[in-house]
Amino acid sequence: MITLSRVQKSFGSKVLFKDCSLQIGVRDRIGLIGPNGSGKTTLFRMILGEESIDGGEILIAKGVKIGYLPQEIFSLTGDTVLNEVLKGVETITSLQDKMGVLEEELLSLKDPKEQERLAKEYGKLQERYAILGGYGLEAESRRILKGLGFKERDFERPTVELSGGWLMRIALAKILLQSPDLLLLDEPTNHLDLSSLIWLEEFLINYPGAMVIVSHDRVFLNHLIDRIAEIEGQKVDLYYGNYDHYLEEKEARRQILEATYKTQQRKIEQTERFIERFRAKNTKSSQVQSRIKMLEKMERIELPKERKEVRFRFPIPPRSGHKVIEVKNLHKSYGEIQVYRGIDLALYRGDKVALVGPNGAGKSTLLKILAGVLDFEEGKVDLGKNVTRAYFAQHQFDLLRPENTVFEELLSIATEESQTELRNLLGMFLFSGEDIEKRVSVLSGGEKSRLVLAKMLLKPANFLLLDEPTSHLDIPSRNVLEIALEQFQGTICLITHDRHLINQIANKVIEIDHGVPHLFLGNYDDYLYKKQIGSEQPNKEVEKEVEEKSPKEKSKYRVKEERRRSAQQMDQYRRQLSSLEKRFQEVERSLHEATQTLDRLNQKLSDPNLYLNQKETFETIETHKRVKEQIKELTQAWESLALELEELRRMDLMSNHKRSCSN
């Protein structure tokens, strides 16, 4: 579908690509990786023709449609959320507009011949509209918007009211609705919460086209892609398999390259010694010349340069009391919207808690209250003995002073630290040499994240509150942060859409559901498993009784309790499934009947004799419009029920599988 052959690209003296080649097939799912500044976005722009190439060629098959999601936040103004998404499908939107104009004209015309002419034109447009899937377009756009975190009430909101993150979601929705042959997605998960990310992942798993994705989310890459294209050494190296397999294969290739390099170096050293030893001897001159020519022709193996990586660990903080923070009877509202109503919560020393839940559930609100940066209406928040807090939030990027240099920004909160200590700290976060004199205003998102983390390290705290700390960090930097948080000897409460990070560091997960926190012990995989089997936190009195039983009695009780819950869950699945199937069949029957009615009306509108009777013409067009609207609503209901049925059946199968395995 797309072929890059020996492509060359430079910016001034910096060479990005040298003899770079890559092929993208019709169903390829490629993860594009490489350090910041290696040329990932430039590669996308060259494919799109937005960036010229210095040499080589890029061949694109005729008729290939490409959808591109850039990393930069841009403005979408002048329309509502839903209309902005529908604009993305220009052909269908244009047909809708033309059909609307013709409908108005047909109602106003009295000349039968003119009515007949317009009716034929209307019929052609309508047929084209149906072939392109126009009648299901709005329902599909609503489904995509809901998946990406929008509520029904948001669909009519003007886009001018939305933040950059929500505008990026609209841009993503427009691309997904267009369903192009190739998706080029540059950090599509940056502005998504966890539930929207999981929805997008499921959508892309079933996507019929090809995709090239730049992402720093290794779980996202593992679930979606079947090969990795790594930009390294001004070329693109291809690895088959997912991200984890890429790591294994890269290490194997590195070991082979190092062994080959050492062998070649020994050969070169031996040859050079021979040349030096016998250069002056006439009897060996031909052999010396032969070896000199051999060295000149030899293709020297070069080891890739070691990448600079963030390296740091949180200092050992002062020890806090056992109870770090306690929330009692907390109430929090935003105007008429009540987020929390009388909740209780306690975190203890050594807890590493991940807050999860759908967009708008109140995760960031709770984190800000725990961090002491947001007020509330009622209740108490008691901080434990010797607890010191450090809060990382994405909006802190805006609090960095643009006019400051990197060094000045760190110096602004320093107290006793020397300039050497500050420079060493910045060096740990890859700010060295001239980098520390960069203005904050020109820093990338990743550089700002690293600067905020450096400022946190300057003031050690024993309670870290982190809101999306991995945003804009590449995978190596995320790995370093992950290790630092894992080794941190204090308490952590964080929000992140990085499932790998939650799995590695969390020992508790708190799900916020309709303003109520539910506690799950373990990491993200444990949380998912307990959600799937309908597990709840055990009653404390019952748990106490169980703890007093013998090990054999405990085991017997828990097996019995697990079977009871499983049977209860199965019964619930069956009832829900039966009810959904009944509703689904009713909607499907109504949709079929409405579609048949629309076909009859289309035939009637195509009959010239209809327009001899103005009253009947008017009534037919009005009925046609009502039936079209009915079909839109029924199609939306049908798709929603179909998704619910699919999800319920999947959970039913998983439950049956787990039960059969346990038996």
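## Charged residues in a predicted model

Let's begin with Arg142, a residue of helix 5, which spans residues 137–147. This is a predicted model, and its chain has an average pLDDT of 82, with 86% of the residues scoring at least 70. Please read one stretch with care: over residues 535–543 the pLDDT is below 50, and beyond near neighbours in sequence this stretch has eight contacts in the model.

Back to Arg142: is this side chain buried or exposed? Arg142 counts as buried because its relative accessibility is 13%, and the cut-off for buried is under 20%. Leaving aside residues up to four places away in sequence, Arg142 touches Leu82, Glu152, Phe155 and Gln636.

### Salt bridges

Side chains of opposite charge can pair when their charged atoms come close. How many salt bridges does the structure hold? There are 34 salt bridges, and here are three of them, with the distance between the closest N and O atoms.

| Acidic residue | Basic residue | Closest N and O atoms |
|---|---|---|
| Asp79 | Lys87 | 3.5 Å |
| Asp154 | Arg157 | 3.7 Å |
| Glu230 | Lys250 | 3.1 Å |

Take the pair of Asp79 and Lys87 to start with. Asp79 is partly exposed, with a relative accessible area of 21%, and Lys87 also counts as partly exposed, at 36% relative accessibility.

In the pair of Asp154 and Arg157, the two partners fall into separate classes. Asp154 is buried, as its relative accessible area is 11%, whereas Arg157 is partly exposed, with a value of 30%.

Now for Lys250 and Glu230, whose closest N and O atoms are 3.1 Å apart. Which parts of the chain does this pair tie together? Lys250 sits in helix 9 (residues 243–278) and Glu230 in strand 8 (residues 227–232), so the salt bridge links parts that are 20 residues apart in sequence. On the helix side, Lys250 is partly exposed, with a relative accessible area of 23%. On the strand side, Glu230 counts as buried because its relative accessibility is 0%.

Salt bridges can also share partners: in this model, Lys9, Arg45, Glu50 and Glu51 are joined in this way into one network.

Methods: Residues are numbered from 1 along each chain as its sequence is written. This is a predicted model: local features need pLDDT of at least 70, side-chain atom pairs count only at pLDDT 80 or more; totals for chains, interfaces and linings use all residues. Side-chain values use heavy atoms; hydrogens and water are left out. pLDDT is the predictor's confidence in each residue, from 0 to 100. Contact means heavy atoms within 4.5 Å. Helices (H or I, at least four residues) and strands (E, at least two) are DSSP runs, numbered from the N terminus. Buried means under 20% relative accessible area, exposed over 50%, partly exposed in between (1.4 Å probe, protein chains only). A salt bridge is a side-chain nitrogen of Lys or Arg within 4 Å of a carboxyl oxygen of Asp or Glu.
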